[in-house]
Amino acid sequence: GRSHWRGPVMRDRSAVSGFAEGASVKVVKDVFTRGGNAVGLIGRVETVWEKCMVDPTCCCAELSMEEAGVKVVFELSPSEAARFDKDRLDGMEGGVATLATYFGEDELAVVTELNTKTVQ
């Protein structure tokens with residue numbers, strides 16, 4: 001039979017299409033941040049802006065581009081962290097560097113299976 005259902009898709013009327021908070025995403029375009037290129041990193045969606053309707057002052061003030069509406073947090077391996085300026089990473093916990101930055105929808109792809117990183 002034919003099935004049109006492709007799994008859970010968040011279709012909130014205002015949310016950024018396809019990206020749910022907590023979803024795993026991969027950076028698919030060259031995005032330069034903190035002195036390095038984030039392409040290829042896999043992270044977790046922390047917040048999704050609703051196109052600056054919530055609070056335009058806090059939302060857009062620090063965003064240079066209005067389309068950068070998805071905040072992603074990455075836990076970097078030492079080799080990944082080495083790409084960036086270590087003084088500008090967000091934190092080091094137990095040897096894991098974290099980096100949080102904003103992306104536009106077209107710079108990210110949702111990762112469905114996470115066989116790339118298995119966390120014990």
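Is aspartate 90 buried, partly exposed or exposed? Aspartate 90 is partly exposed, with a relative accessible area of 44%. The legends below return to this residue after an overview of the predicted model.

**Figure 1. Overview of the chain in the predicted model.** The chain contains two helices and eight strands. Read from the N terminus, its elements follow the order β-β-β-β-α-β-α-β-β-β. Of the 120 residues in the chain, 36% are buried. Among contacts with a separation of 6 or more, 66% are between residues 24 or more positions apart. The chain exposes about 8,000 Å², and carbon and sulfur atoms supply 52% of this area.

**Figure 2. Pairing of strand β1 with β4 and β8.** Strands β1 and β4 run antiparallel and are joined by three bridges. Strand β1 also pairs with strand β8 (residues 108–110), again in the antiparallel sense and over three bridges. Valine 25 takes part in both pairings: its bridge partner in β4 is glycine 43, and its bridge partner in β8 is valine 110.

**Figure 3. Pairing of strand β7 with β5 and β6.** Seven bridges connect β5 and β7, which pair in the antiparallel sense. Within this pairing, leucine 76 has alanine 97 of β7 as its bridge partner. Strand β6 (residues 91–93) pairs with β7 as well, in the antiparallel sense and over three bridges. Here the bridge partner of glycine 91 is threonine 98 in β7. Strands β6 and β7 form a hairpin with two residues between them. In the turn of this hairpin, glycine 94 has a positive phi of about 55°.

**Figure 4. The largest nonpolar core.** In soluble globular proteins, nonpolar side chains tend to be buried together. The largest nonpolar core of this model has 20 residues, and the members that touch the most others are Val27, Phe74, Leu76, Phe103 and Leu108. At least two residues of the core come from each of the strands β1 (24–27), β4 (42–48), β5 (70–76) and β7 (96–103). Strand β5 gives the most, with four residues. Leucine 76 illustrates the surroundings of one core member: apart from its neighbours within four places in sequence, leucine 76 is in contact with Leu41, Ala81, Phe84, Leu89, Val96, Ala97 and Leu99.

**Figure 5. The aromatic pair of phenylalanine 74 and phenylalanine 103.** The model has one aromatic pair. The ring centres of phenylalanine 74 and phenylalanine 103 are 5.8 Å apart and the ring planes stand at 85°, so the pair is edge-to-face. Because phenylalanine 74 lies in strand β5 and phenylalanine 103 in strand β7, the pair ties together parts that are 29 residues apart in sequence. Phenylalanine 74 is buried, with a relative accessible area of 1%. Phenylalanine 103 also counts as buried, at 0% relative accessibility.

**Figure 6. Valine 39 and its surroundings.** Valine 39 is located in the loop between β3 (36–37) and β4. With a relative accessibility of 28%, valine 39 counts as partly exposed. Valine 39 and valine 28 are eleven residues apart in sequence, while their C-alpha atoms are 5.7 Å apart in space. Beyond its neighbours within four places in sequence, valine 39 is in contact with Val27, Val28, Lys29, Asp30 and Arg83.

**Figure 7. Salt bridges between separate parts of the chain.** The whole structure holds four salt bridges, including the three described here. Aspartate 106 and lysine 29 meet through their side chains at 3.2 Å, N to O. Aspartate 106 lies in the loop between β7 and β8 and lysine 29 in the loop between β1 and β2 (32–33), so this pair ties together parts 77 residues apart in sequence. Aspartate 106 is partly exposed, with a relative accessible area of 48%, and lysine 29 is partly exposed at 38%.

The side chains of arginine 34 and aspartate 90 meet at 3.0 Å, N to O. Arginine 34 belongs to the loop between β2 and β3 and aspartate 90 to the loop between α2 (78–81) and β6, so the pair ties together parts 56 residues apart in sequence. Arginine 34 is buried, with a relative accessible area of 18%, whereas aspartate 90 is partly exposed at 44%.

Lysine 71 forms a salt bridge with glutamate 46, and their closest N and O atoms are 3.0 Å apart. This pair links distant parts of the chain, with lysine 71 in strand β5 and glutamate 46 in strand β4, 25 residues apart. Glutamate 46 is partly exposed, with a relative accessible area of 32%.

Conventions:
Residues are numbered from 1 along each chain as its sequence is written. This is a predicted model: local features need pLDDT of at least 70, side-chain atom pairs count only at pLDDT 80 or more; totals for chains, interfaces and linings use all residues. Side-chain values use heavy atoms; hydrogens and water are left out. A nonpolar core is a set of buried Ala, Val, Leu, Ile, Met, Phe, Trp, Tyr and Cys residues joined through side-chain atoms within 4.5 Å. Buried means under 20% relative accessible area, exposed over 50%, partly exposed in between (1.4 Å probe, protein chains only). Contact means heavy atoms within 4.5 Å. Two strands pair if DSSP finds at least two bridges between them. Accessible areas come from the Shrake-Rupley method with a 1.4 Å probe; for residues, only the protein chains shown count as cover. Rings of Phe, Tyr and Trp (its six-membered ring) pair if their centres lie within 6.5 Å; planes under 30 degrees apart count as stacked, over 60 as edge-to-face and the rest as tilted.
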